[in-house]
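Biologist: I should be grateful for a close look at a single part of this model. Please treat one element in detail and then place it in its surroundings.

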Amino acid sequence: MNPSPAIVCIGEFLWDMLPAGRQPGGAPYHVAGQLHRLGHPTQLISRVGEDELGTKLLTLLQDQGLDGHLIQRSQTHLTGVVKVNFTPGPRVYKIVEPVAWDYLQHTDELRAAVAAARMVVYGSLAARSATTRETLYRLLQVARFKVFDVNLRPPHYTRTVVKYLLRQADLVKLTEPELAEIMGWLGQSAAEATALPWLAAHFNLEAVCLTKGAAGATLWYRHELISAAGPPATAPDTLGSSDAFLAALLTHWGTHSAQECLRAALAAHPVSVGPSAHLSHYP
């Protein structure tokens, strides 16, 4: 019996530089890790430098049993890092650029992997640079089912690019602030009861999932609005909760009802996929 097709995650794979030390990061990496923990075949597409940090990331993947053969190596750019400044008040994050994952090269191997995948997961951050953006656009052309984990991180996106990525998607996951910003661009109300169906119709989406922290989530699917309250594990400050939510949602998608998918996603507790999983999305 052949194994089920993989879910492919495309985008940034990097190090979070914290006062306590560096931790592996990047939303695609964490989503891939959570999927792997749930027993689903997973592949990560990214690019790291031909440097010590890149080698350590690849070793980490191998130790965790994650498939890293689609990770490219760059001789011209360093492995990505996020610098975190813990000052009084909100944390300050600097997502350094340009780095290796900004220069992901389109290859026949990547194209074949995406074409064979059950799903492809991507976010807006990977599209900040022209090279990786063009590669992502070309790979999405052959994807069966496309999941856009919006993940807006200023100043690393433009309205034009985000709108294009929305048009490519089948399923979109976004937060309340992201919904408000996007609907503001389009001159529409951000009230979920009207915004989710409007967004789905406007961009021809199969489903839109709105995450609301401790308040749970709402899913628009097949002309139905489904809401569910979330347990404490879905609170915004829970480590890795956003990635665990998405991984559980996708693991059950297509084999369970939308209600069951949402309940499973909200019940998912994040499990560290490396030394730490707490900066997979930058608040």
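Against which strands and helices do the buried residues of α1 pack?

Modeller: The buried residues of α1 pack against strands β1, β3 (21-25) and β4 and against helices α2 (52-64) and α8 (241-252). Helices (H or I, at least four residues) and strands (E, at least two) are DSSP runs, numbered from the N terminus. This is a predicted model, in which local features need pLDDT of at least 70 and side-chain atom pairs count only at pLDDT 80 or more, while totals for chains, interfaces and linings use all residues. Residues are numbered from 1 along each chain as its sequence is written, and side-chain values use heavy atoms, without hydrogens and water.

Nine of the 11 residues of α1 are buried, so the helix is largely enclosed by the rest of the structure. Buried here means under 20% relative accessible area, exposed over 50%, and partly exposed in between (1.4 Å probe, protein chains only). The buried residues of α1 are Ala27, Pro28, Tyr29, His30, Val31, Ala32, Gly33, Gln34 and Leu35. Just after α1, Gly39 adopts a positive phi of about 90 degrees. For context, the protein chain has 283 residues, of which 57% count as buried, and it contains nine helices and 13 strands.

The sheet beside α1 is open and has nine strands, in the order β5-β4-β1-β8-β9-β10-β11-β12-β13, with mixed pairing. Two strands pair if DSSP finds at least two bridges between them. At the edges stand β5 (71-74) and β13 (224-228), each with a single partner strand, so one side of each lacks a neighbour in the sheet. On average, neighbouring strands of this sheet are turned by 15 degrees against each other, direction ignored. Helix α1 (residues 27-37) packs on the sheet, where it touches β1 (7-10) and β4 (42-49), and its direction makes about 160 degrees with that of β1. Axes are lines fitted to C-alpha atoms, for helices over the stretch in contact (heavy atoms within 4.5 Å), and angles run from 0 to 180 degrees between N-to-C directions.

Of the two strands that α1 touches in this sheet, β4 deserves separate attention. Strand β4 is mostly covered, with eight of its eight residues buried. Thr42, Leu44, Ser46 and Val48 point one way from β4, whereas Gln43, Ile45, Arg47 and Gly49 point the other way, and all are buried. Strands β1 and β4 run parallel and are joined by four bridges; Ile10 stands opposite Ile45 in β4. Four bridges also join β4 to β5, again in parallel, and Gly49 stands opposite Ser74 in β5.

Elsewhere in the nine-strand order, β8 (residues 119-123) and β9 (residues 146-149) run parallel and are joined by four bridges. Val121 stands opposite Val147 in β9. Towards the β13 edge, another helix, α9 (residues 258-267), lies across β11 (207-211), β12 (217-221) and β13, running at about 30 degrees to β13.

Strand β3, also among the packing partners of α1, leads to a second sheet. This open sheet has four strands in the order β3-β2-β6-β7, and its pairing is mixed. Strands β3 and β7 stand at the edges with a single partner strand each, so one side of each has no neighbour in the sheet. The twist of this sheet averages 25 degrees from one strand to the next. Strand β2 (residues 14-18) is joined to β3 by five bridges, and the two run antiparallel; the bridge partner of Met17 is Arg22 in β3. In the other edge strand, β7 (residues 92-95), lies Ile95. Ile95 has 8% relative accessibility and therefore counts as buried. Val81 and Ile95 are 14 residues apart in sequence, and their C-alpha atoms are 6.5 Å apart in space.

Across the protein chain, residues 24 or more positions apart account for 69% of the contacts with a separation of 6 or more. In summary, α1 packs on the nine-strand sheet through β1 and β4, and its buried residues also pack against β3, α2 and α8.
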